[in-house]
Amino acid sequence: MYYELYVDVFFLVNFMMDFLLLLLAKKILKCSATHGNICAGSLVGSLLTCLVILLPVKSAVLKVILFHMVINIVMIYIGLRVHTLREVIRAWIALYIGSFLLGGVFTCFYQYLKAGSLFFAVAMFSYWIVQGIWSFVISIMRLKQTECDVTLYQNGQNCTIHALIDTGNSLLDPLTKQPVCIVEQRIVEKWFEKNEIEKLRRIFFHSIGENYGTLPVLELEKMCIHYEKECWVIKPIIALCENEISSDGEYGMILNPDIF
């Protein structure tokens, strides 16, 4: 049994797939490579792949090394303009992440098509889908970065609540000049007598839903913000909100980013 290989078609297919993979790696890494760099890297990668195919290399291990290490690293070095070993390793991983995603989406659609001439169209369509998937994943990760858990401590007691880090919260205590975080009153009112809360001093605030208003503020013993690493705040200033902070009850507290 033998296979007939059209080198020109093989070259074009590899060139296009290498170009799309380098584009995905660029998006993942957010590097400054130009389309010209990517085109040059894809061209060299495709040429080297054709060369290895044409050479009488019988060792399967040697072929794996040439295809997955040598050729890809040369293609990355030229196409993505990376130089240090760490950058090359990151780019190599990003290339294979893009390869798995693109290959999976491409296989999903191409199996239903019988016309070989649609290969390039399906490849481009798959690239756009993978690009959209990656953008969605990044947006979810960024959303999660604005959430954290916070443990409040008072009178030997504590409670942990889910909080939102709101860059729009610039509330400042005019007396202490400290950033103010907002918490639902029901969460901390068990630690204080009703008359204590009624006698708390109040600070002015304004928001989109309510132009001007006042909130009672108090000083807790301490709180721990469980974020990328634990952040302890001694004697934080907390404003009490009588209403629910989020309509679905997901958050019980709004953190002022200046607290960090």
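1. A convenient place to enter this predicted model is Leu80, which, once its neighbours within four places in sequence are left aside, is in contact with Leu22, Ala25, Lys26, Leu29, Cys31, Ala33, Met75 and Ala91. Leu22, Ala25 and Leu29, which appear among these contacts, are also listed with the buried residues of helix 1.

2. Leu80 belongs to the largest nonpolar core, a set of 27 residues in which Leu80 and Leu102 have the most contacts. At least two residues of this core come from each of helix 1, helix 3 (60-79), helix 4 (85-110) and helix 5 (119-144), and helix 1 gives the most, with nine residues. A second core, separate from this one, has 25 residues and includes Ile165, Val183, Ile197 and Ile225. As background, nonpolar side chains in soluble globular proteins tend to be buried together.

3. Helix 1 spans residues 7-29, and its 23 residues reach 32 Å from the first C-alpha to the last, close to the 33 Å expected at 1.5 Å a residue. Its buried residues include Phe11, Met16, Met17, Leu20, Leu21, Leu23 and Leu24, and also Asn14 and Asp18. Just after helix 1, Lys30 takes a positive phi of about 55 degrees.

4. Helix 2, residues 35-54, is likewise close to its expected span, with 20 residues reaching 28 Å where 28 Å is expected. Buried along helix 2 are Ile38, Gly41, Ser42, Gly45, Ser46, Thr49, Cys50 and Val52. Because these buried residues fall within an arc of 165 degrees when seen down the axis, they line one face of helix 2. The cover over them includes helix 1 and helix 3.

5. Turning to the strands, strand 5 (residues 213-219) has five of its seven residues buried and is therefore largely enclosed by the rest of the structure. Strand 5 runs antiparallel to strand 4 (residues 202-205), to which four bridges join it, and Arg202 stands opposite Pro216 in this pairing. Strand 5 is also joined to strand 8 (residues 237-241) by three bridges, again in an antiparallel arrangement, with Glu219 standing opposite Ile237.

6. On confidence, the protein averages a pLDDT of 82, and 90% of the residues score at least 70. Confidence is lowest in helix 5, at a mean of 76, and highest in strand 3 (residues 180-184), at 90. Where pLDDT is low, the predicted coordinates should not be read in detail.

Methods
Residues are numbered from 1 along each chain as its sequence is written. This is a predicted model: local features need pLDDT of at least 70, side-chain atom pairs count only at pLDDT 80 or more; totals for chains, interfaces and linings use all residues. Side-chain values use heavy atoms; hydrogens and water are left out. The expected span of a helix is 1.5 Å times one less than its number of residues. Buried means under 20% relative accessible area, exposed over 50%, partly exposed in between (1.4 Å probe, protein chains only). The arc is that of the directions from the helix axis to the C-beta atoms. Contact means heavy atoms within 4.5 Å. A nonpolar core is a set of buried Ala, Val, Leu, Ile, Met, Phe, Trp, Tyr and Cys residues joined through side-chain atoms within 4.5 Å. pLDDT is the predictor's confidence in each residue, from 0 to 100. Two strands pair if DSSP finds at least two bridges between them.
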